[in-house]
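User: Please take a close look at the small sheet at the start of the first chain, and then place it in the context of the rest of the model. A connected account would be preferred to a list.

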Amino acid sequence: MSLLEAADLAKSFGGITGLSDCCIRVEEGEIAGLIGPNGSGKTTLFNVVTGYERADGGAVRMRGKTITGASPRRVFRLGIGRTFQLTRIFSRLTVEENVHVALQRRGFGRMLRRWSSAGEQARAGDLLEFVGLAHLRSLPAGNLSYGQKKLLEFATVLAAEPRVILLDEPAGGVNPTMVTFLADRIRTLNQQGVTFLVVEHNMEFVMQLCSRISVMHRGTVIAEGLPSEVRNNPAVLEAYLGD
Amino acid sequence: MRIAARLAGLAVLLAIAVVVPQVINSPLSMTMAVFTLLFAIMATGWNVLGGYTGYISLGHAAFFGIGAYALTLLGQHVQVSSGYEPFFLLPVVGLIGAASAVPLGIITLRTRRHVFVVLTIAMLFIGQLLATNLRDLTNGSTGLSAPAAPWMGSAFNPPFYYAALIVLVVAVAVSWWIRQSKFGLGLRALRDDEDRALGLGINAGLAKLVCFVVAAFFIAIAGGIYAYFQTYIYPQVVFDPLADLAMVLMAFTGGVGTVSGPVLGALLIEPAHEYFAFTYGGNGLYLILYGTLFLVVILLLPQGVIPTISYWLALYRQRRQTGAAGQIGGQVTPAAATQRERAGEQPIEQPPPGSRAANQ
């Protein structure tokens, strides 16, 4: 049974098809890649899987359990974290507070206690250390550079210890040093058992990082396989270069 | 140490507030003081919604009207003697306001930003229309008499003053509690990016509704005190667009989203308002002054007095520590600098609180 699976997903915006018969699997413990030309439906797929868009048809399953149409909140609580292509952080909160937002608490009484318990503080500190932002913890997050915001968003998603993380262009618009750093962090987490699905245009990044790659074109998956297989697949080349 | 200093400061402020009626003899000044406290309650309540979640309601004065009518009608239908007893009805009045806020909140909070603002404005005027037209209940535009307070002369104001003071202390305590809680952190997160907060497990819908209702609760209580204080209410006065704007203006002036800001805003604006209304009431000049003040605050102090002052303080401390006027915000340790260099990042400068970057 796959950890996360999308089966025959369909989504259209008016007359424009976003997804049609889109199937993708993410196996436990892997770093899966998802590539495709601009507008091929990668972000739409993420939005449907994480509950930001409602699917017109098909199913999303987590460990075999159908979660189609669940709210973003429920999806996150089920253990699916995601980052956004255009990084979304809480710019008026401090770096540290940003991480705390994602640290989950259950129960009404606990919500009324102070926002940072000692345990949570230690956890947030560890996460910020992990992404190299610990020295900026008390700055407003809006003051960070673009790359630092990406790292902060990453740390925030990690806070709730998701089983699988969907990364939407983690390396987009980030300098090469940071890309290497990010790839290293992703590998470290993966060794600790976190599964990833990565959308990325940076081919070098995807080919090195991912064990299996799916290729999307016009809302559907046209190829899937090892990086070397995908690279030489004629259908993929055609999708990227056109007829 | 800082907490002890703050608590001491609070105790001093509270002591001054308690002593005020013993010192001020003029009934006019005492009436001003009561109104100031009522507005402080309203602004503090409003801030729980508008400040913490960023949902700017321009109609929460509707609950002031609901509270005023609730106390008046309760006074007519429930047997209360007219001394201190109506004050004990205030929690019930608050609950009536809160209960009426639940359906209104569910409806209006389906929208965001400008649409929400417009819907809440409608809320105020619908309240006014209902109060005017439900004659059997409200006696229409003729109005209703609330229980008449038995106190005479200079003894008249202090009971209202202390009742309002107690409610204000509770309101500020609730506001502070929310601000520092995990719940409050979620609110401030959804103020910045609601969809992102949803995707991080925040129950934004419920959180917003709770704030909407808490705000209504305190504003309704202020309305209740007002009704008993004035002994006579009618729709145009208790569903008052000016009071509605005043409460928002006070929160913005003092510092929207801070705990003490709305109280400070009320302390600054309401006495001035009363003074100008009393002196130039006839020609409506005070209304123009009000508008001007609103403009000045939005243009020059968009964050309000408290955040601006605390920013200056932070700036001052920073300069004194580093001994130079460079680097603002985040001391740059050597380790941090190298890490930043390694990542190829630009140094970080903290923009002033009013600038666009800080508001994004």
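Analyst:
**The small sheet and its surroundings**

Lys65(A), in E5(A), is the bridge partner of Met62(A). The model in which this pair is found is a predicted one. The pair belongs to the connection between strand E4 (residues 57–62) of chain A and E5(A), which run antiparallel and are joined by 2 bridges. Arg63(A) is placed in the loop between these strands, E4 and E5 of chain A. Although Arg63(A) is not a glycine, its phi is positive, at about 50°. Arg63(A) has 14 other C-beta atoms within 10 Å and is therefore partly exposed, since that class lies between the limits of 12 or fewer for exposed and 20 or more for buried.

E4(A) and E5(A) are part of an open sheet of 4 strands, ordered E2-E1-E4-E5 in chain A, with antiparallel pairing. Its edges are formed by strand E2 (16–26) and strand E5 (65–66) of chain A, each of which pairs on one side only. In general, strands of a sheet are paired through backbone hydrogen bonds, in either a parallel or an antiparallel manner. Across strand E1 (4–13), E2 and E4 of chain A lies helix H1 (residues 42–49) of chain A, which runs at about 110° to E1(A).

H1(A) also provides a link to a second sheet. This helix lies across E3, E6, strand E7 (164–168), strand E8 (195–199) and E9 of chain A, and its direction is at about 145° to E7(A). The second sheet is open as well, with 6 strands in the order E6-E7-E8-E3-E9-E10 of chain A, but its pairing is mixed. Strand E6 (80–82) and strand E10 (220–225) of chain A are its edge strands, pairing on one side only. On average, and with direction ignored, neighbouring strands of this sheet are turned by 20° against each other.

Within the second sheet, strand E3 (residues 31–35) and strand E9 (residues 212–217) of chain A run parallel and are joined by 4 bridges. Here Leu34(A) stands opposite Ser214(A) in E9(A). Another helix of chain A, H10 (residues 234–241), lies across E9 and E10, running at about 135° to E10(A).

A second residue with an unusual backbone angle is found beside this sheet. Glu169(A) is not a glycine, yet its phi is positive, near 50°. Its place is in the loop between E7 and helix H7 (176–191) of chain A. Glu169(A) counts as buried because 21 C-beta neighbours lie inside 10 Å, whereas Arg63(A) is partly exposed.

Chain B is described by 18 helices and 2 strands. Of its 360 residues, 44% are buried. Among the contacts in chain B with a separation of 6 or more, 78% are between residues 24 or more positions apart.

The largest nonpolar core has 170 residues, and those with the most contacts inside it include Ala155(A) from chain A and Leu38(B), Ile41(B) and Ala164(B) from chain B. Helix H11 (residues 204–230) of chain B gives the most to this core, with 19 residues. With residues up to four places away in sequence left out, Ala164(B) touches Val34(B), Leu37(B), Leu38(B), Ile41(B) and Ile225(B). As a general tendency, nonpolar side chains in soluble globular proteins are buried together.

One helix pair of chain B may be set beside these sheets. The axes of helix H2 (residues 27–50) and helix H13 (residues 241–254) of chain B come within 8 Å and cross at roughly 70°, so H2(B) and H13(B) are roughly perpendicular to each other. The residues of this contact are 9 nonpolar, 2 polar and no charged. On the H2(B) side they include Phe39(B), Met42(B) and Trp46(B), while the H13(B) side includes Met247(B) and Met250(B). Met247(B) is also named among the residues with the most contacts inside the largest nonpolar core.

H13(B) also contains Leu245(B), which is partly exposed because 15 other C-beta atoms lie within 10 Å. Leu245(B) and Leu58(B) are 187 residues apart in sequence, but their C-alpha atoms are 6.8 Å apart in space.

Note on methods. Residues are numbered from 1 along each chain as its sequence is written. Chains are lettered from A and ligands numbered from 1 in the order in which they are written. This is a predicted model: local features need pLDDT of at least 70, side-chain atom pairs count only at pLDDT 80 or more; totals for chains, interfaces and linings use all residues. Two residues are in contact if their C-beta atoms, placed from the backbone, lie within 7 Å. Axes are lines fitted to C-alpha atoms, for helices over the stretch in contact, and angles run from 0 to 180 degrees between N-to-C directions. Angles under 35 degrees count as roughly parallel, over 145 as roughly antiparallel, 65 to 115 as roughly perpendicular and the rest as oblique. Ala, Val, Leu, Ile, Met, Phe, Trp, Tyr, Cys and Pro count as nonpolar, Asp, Glu, Lys and Arg as charged, and the others, Gly among them, as polar. Two strands pair if DSSP finds at least two bridges between them. A nonpolar core is a set of buried Ala, Val, Leu, Ile, Met, Phe, Trp, Tyr and Cys residues joined through C-beta atoms within 7 Å.
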